[in-house]
Amino acid sequence: MRPRNWAVLPMALVLLAGCGSATSLLTPTAGVPSTTPPSSGPPWTVVAQGRPTPAPTPSYRAVSPSPLATGFLPLPSESPVPTVGPTCEPRTYNFSRINALDVTTGTTDAVATWYNLGGYNLVEFRLTAISQDLVLGKQHDYGFVSIQPAAACGKMTGRITGLKPKTGYVFSLDAVVQRRSGDGTHAATVYRSHVIRTK
């Protein structure tokens, strides 16, 4: 009786030969695709010959420096430039903001300097000094000094007398304006100093 293995052997040889030829077609040379057209089928058509593209050369142009190097908007000036005229600002004083008041003290007096920005409804300024040294009993109430605004906006000065020597004071300046309704006036602090001592 003929062994059954002899019947399977020719079939295995055919399969191995087929696998070998398929592998050689897929990977021609160590995994590198072949540029040679296959022997069967239409020939390849070369559309354009490739060539390296040179890198572009950068070009530079002079740019004028920006007036705002940081990229932020300019802050409003703390000392606006005075202009001549009875009313320098169409707006009134901003009572939600208190600016720094410059004060020079003597032994019993002090001179305050500030910028008057004007305003159509400005009536007067009131300058006062608040003692920061506590004393036994009733505290001294200095009151205020009324100062009429200048005809043109700009720097103004006001003087307070009757202060105590070697005493710390906070100096405050209020602006008095006519109410827009025309009914009376309104006063609020627009300048204030830190604690400054008399000599």
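1. The side chains of Glu124 and Arg126 are joined by a polar contact of 3.0 Å. The model in which this contact appears is a predicted one. Glu124 belongs to strand S4, which covers residues 122-131. Its relative accessibility is 12%; the cut-off for a buried residue is under 20%, so Glu124 counts as buried. Apart from neighbours within four places in sequence, Glu124 is in contact with Ser146, Ile147, Gln148 and Pro149, and also with Asp174, Ala175 and Val176.

2. The strand that holds Glu124 also has a pairing partner. S4 and S7 pair in the antiparallel sense, over 9 bridges. Within this pairing, Leu127 has Leu173 of S7 as its bridge partner.

3. S7 deserves a point of its own. This strand spans residues 168-178 and is mostly covered, 9 of its 11 residues being buried. Besides its pairing with S4, S7 pairs with S8 in the antiparallel sense over 7 bridges. In that second pairing, Asp174 stands opposite Thr189 in S8. S7 also pairs with strand S9, residues 196-197, again in the antiparallel sense and over 2 bridges. There the bridge partner of Tyr169 is Ile196 in S9.

4. The backbone has two places with a positive phi that the reader may wish to inspect. The hairpin of S7 and S8 has 6 residues between the strands, and in this hairpin Gly182 takes a positive phi near 85°. The other is Lys166, which has a positive phi of about 50° although it is not a glycine. Most residues other than glycine have a negative phi. Lys166 lies in the loop between strand S6 (154-161) and strand S7. With a relative accessible area of 62%, Lys166 is exposed.

5. Which strands form the open sheet, and in what order? The sheet has 3 strands in the order S2-S3-S6, with antiparallel pairing. Strand S2 (102-105) and S6 are its edge strands, each pairing on one side only. From one strand to the next, the twist averages 20°. S2 and strand S3, residues 109-116, run antiparallel and are joined by 4 bridges. One detail of this pairing concerns Thr104, whose bridge partner in S3 is Val111.

6. The structure holds 2 aromatic pairs. In one of them, Trp114 and Phe125 are arranged edge-to-face, at 5.4 Å centre to centre and with 65° between the planes. Trp114 lies in strand S3 and Phe125 in strand S4, so this pair ties together parts that are 11 residues apart in sequence. Both partners are buried: Trp114 has a relative accessibility of 3%, and Phe125 has one of 0%.

7. Tyr169 and Phe171 also form an aromatic pair, and this one is tilted, with 6.0 Å centre to centre and 40° between the planes. Tyr169 is buried, its relative accessible area being 3%. Phe171 counts as buried at 1% relative accessibility.

8. Which residues touch the most other members of the largest nonpolar core? Of the 25 residues in this core, they are Leu101, Trp114, Phe125 and Phe171. The elements giving two or more residues to the core are S3, S4, S6, S7 and strand S8, residues 185-192. S7 supplies the largest share, 5 residues. Trp114 and Phe125 therefore appear both among these core residues and in the edge-to-face pair described above.

9. The surroundings of Leu101 complete this account. Leaving aside neighbours within four places in sequence, Leu101 is in contact with Ala112, Thr113 and Trp114, with Leu127, and with Phe171, Ser172 and Leu173. Tyr191, Arg192 and Ser193 are also in contact with Leu101. Among these contacts, Leu127 and Leu173 are the bridge partners noted for S4 and S7, while Trp114 and Phe171 are among the core residues that touch the most other members.

Notes
Residues numbered from 1 in each chain as written. Predicted model: local features only at pLDDT ≥ 70, side-chain atom pairs only at ≥ 80, totals over all residues. Heavy atoms only, no water. Buried < 20%, exposed > 50% of the residue type's maximum accessible area, 1.4 Å probe, protein only. Polar contact = N/O pair within 3.5 Å; in protein donor to acceptor, adjacent residues only side chain to side chain. Contact = heavy atoms within 4.5 Å. Pairing = 2+ DSSP bridges. Axes fitted to C-alpha atoms, helices over the stretch in contact; angles between N-to-C directions. Phe/Tyr/Trp six-rings, centres within 6.5 Å; stacked < 30°, edge-to-face > 60°. Core = buried A, V, L, I, M, F, W, Y, C linked by side-chain atoms within 4.5 Å.
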